[in-house]
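This briefing is meant to be read alongside the sequence and the coordinates. It moves from the whole chain to its interior, and then to a sheet and the cysteines.

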Amino acid sequence: MKKKMLSFLLTGAMFACMLTGCGKAEEQAEQGTAAQEPAQEAQESDSVDISAEEEGEEEVTITYANFNASGGNEETLQKMYEAFHEEYPQITVDIETIGYDDYFTQMQTRVAGGTAPDCYELNIENFAAYANKGVLAELTGIDVSGYNETALSAFGIDGKQYGVPGNFSNVVLIYNKDLFDQAEIEYPTNDWTWDDAMEACEKISALGDDIYGIYQPITFNEFFKVAAQYGGGVLNEDKTAFTINSEENLAAAEMMIEKITETNVQPTDAQMGGMGDWDLFESGRLGMIPTGIWAFGAFTDACDFNWDICVEPGGTRKATHFFSNALVVNAESGKKEAAATWINWLASSDAAAKMRIEAGWDLPAISDEAVLAGYLEITPPENRQAVFDSLNDLVVAPIIEDYSLMADIITDKLSRAASGELTVKEALDQAQEECGAQITMQ
């Protein structure tokens with residue numbers, strides 16, 4: 001593969017206090033403005049222009065930390081590196097894989113202490129906080145033509161690219177074909193609306209007292225997507241104000257909550273009896289579950305019934321979840337060019353993409369359908385094409401620096417509505433008020 005031309009406009013300033021990651025959001029809001037000022041100065045004055053990566057250049061060793069390979073994909077990542085090193089023998093990568101539960105605690109400490117790796121992985125929830133603190137190098141010259149545009153745009157801020165999408169996952173509707181057969185219902189199609197799904201839910205739930213039509217988590221991640229399906233959203237277009245309690249959002253939340261409180265086609269927490277939603281589906285007692293494509297392996301192993309997938313139902317439009325992790329370069333690294341060469345290869349090369357697909361890992365965030373074609377050959381599910389059909393309607397979570405606080409507030413209020421403690425309108429009104437009071441929009 002032809003070596004890519006790179007140039008970097010660097011955000012060289014470190015912030016004065018430890019990144020708070022998923023917590024201490026009020027401190028983030030207070031520190032954000034001051035931290036961004038020196039970062040902006042660095043962007044304007046400090047740039048590196050690399051015209052080419054020459055074969056004979058000096059050897060360099062870089063460090064790379066990640067969490068996504070933990071739990072069974074370390075071998076695949078190592079094979080990717082070996083292929084990279086054959087192409088770029090002058091670049092050695094020391095790879096550190098850390099479990100997700102410990103990863104961000106370690107990264108906060110290391111970034112604040114000036115010991116962060118040359119490049120590393122960030123989840124989409126934490127990306128904005130790191131970028132806004134000036135600790136990520138801006139990437140201005142990498143070849144991004146092969147990326148999925150939605151995935152790439154998730155890691156840009158104010159027109160500047162601070163990361164590349166290292167992987168890609170979305171959500172589909174997974175359904176139990178045997179229960180649909182028993183209820184004498186036609187299988188779901190990509191054209192289904194939530195009205196169609198609710199009609200099927202009631203017929204499936206009628207099969208038995210311990211059988212339910214659907215399980216849709218009452219969480220922020222599910223709500224922002226369903227809000228989009230009804231034409232709503234939690235922020236206005238320029239992200240200067242919350243719109244949590246809009247009429248469109250109310251319609252979306254009512255659809256989600258009333259499945260539990262009114263029709264009971266979705267089980268309450270008490271009816272779940274401590275089971276998880278995947279457990280319930282694997283038991284054969286759940287008709288449908290909107291969940292991520294990462295469930296395919298588990299369901300293949302655990303389900304002794306026939307199941308398949310289709311695009312998620314819609315409201316006034318289609319919208320489906322987008323998940324991705326960013327690969328970023330440390331603004332304080334002295335080896336930025338090599339680090340960026342590695343992460344861009346890892347995220348977008350054909351070789352890495354094929355290895356990821358063959359391993360059954362999450363999808364590479366690329367647009368080349370020929371490379372992705374191998375994914376369709378793996379069954380079940382039979383209708384893997386629905387994964388790619390869903391890409392036409394991806395929606396990205398509203399990424400703000402206090403993402404975790406916003407998500408926690410909205411999830412808490414919706415959960416109280418699902419338990420009957422609040423009406424749906426009260427839940428959204430309170431979420432609107434609390435988010436507005438506790439989160440300062442930039």
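What follows is a short description of a predicted model, beginning with its overall make-up and confidence.

The chain has 442 residues, of which 54% are buried, and its secondary structure comes to 18 helices and 16 strands. Confidence averages a pLDDT of 87 across the chain, with 87% of the residues scoring at least 70, although the stretch of residues 1–56 has a pLDDT below 50.

**Confidence and overall architecture**

- The low-confidence stretch, residues 1–56, nevertheless has 133 contacts in the model beyond near neighbours in sequence, and those contacts are to be read with its pLDDT of below 50 in mind.
- When contacts between residues at least 6 apart in sequence are considered, 76% of them join residues that are at least 24 apart.
- About 18400 Å² of the chain is exposed, and carbon and sulfur atoms supply 44% of that area.

**Nonpolar cores**

- In soluble globular proteins, nonpolar side chains tend to be buried together.
- The largest nonpolar core in this model has 113 residues, and the residues with the most contacts inside it are Tyr120, Leu136, Ile174, Met406 and Ile410.
- Helix α17, which spans residues 403–418, gives the most to this largest core, contributing nine residues.
- Another core, of 30 residues, lies apart from the largest one, and its members include Leu139, Tyr147, Leu152 and Leu346.

**A five-stranded sheet**

- Five strands form an open sheet with mixed pairing, and their order across the sheet is β4-β3-β5-β15-β9.
- Strands β4 (91–97) and β9 (164–165) stand at the edges, where each has a single partner strand, so one side of each is left without a neighbour in the sheet.
- Within the sheet, strand β3 (residues 60–66) runs parallel to strand β5 (residues 119–123), and two bridges join them.
- Ala65 has Tyr120 of β5 as its bridge partner, and Tyr120 is also among the residues with the most contacts inside the largest nonpolar core.

**Cysteines**

- The structure holds zero disulfides.
- Cys303 has a relative accessibility of 12% and therefore counts as buried, the cut-off for buried being under 20%.
- Cys435 likewise counts as buried, because its relative accessibility is 0%.

Notes
Residues are numbered from 1 along each chain as its sequence is written. This is a predicted model: local features need pLDDT of at least 70, side-chain atom pairs count only at pLDDT 80 or more; totals for chains, interfaces and linings use all residues. Side-chain values use heavy atoms; hydrogens and water are left out. A nonpolar core is a set of buried Ala, Val, Leu, Ile, Met, Phe, Trp, Tyr and Cys residues joined through side-chain atoms within 4.5 Å. Buried means under 20% relative accessible area, exposed over 50%, partly exposed in between (1.4 Å probe, protein chains only). Helices (H or I, at least four residues) and strands (E, at least two) are DSSP runs, numbered from the N terminus. Contact means heavy atoms within 4.5 Å. Accessible areas come from the Shrake-Rupley method with a 1.4 Å probe; for residues, only the protein chains shown count as cover. pLDDT is the predictor's confidence in each residue, from 0 to 100. A disulfide is a pair of cysteine sulfur atoms within 2.5 Å. Two strands pair if DSSP finds at least two bridges between them.
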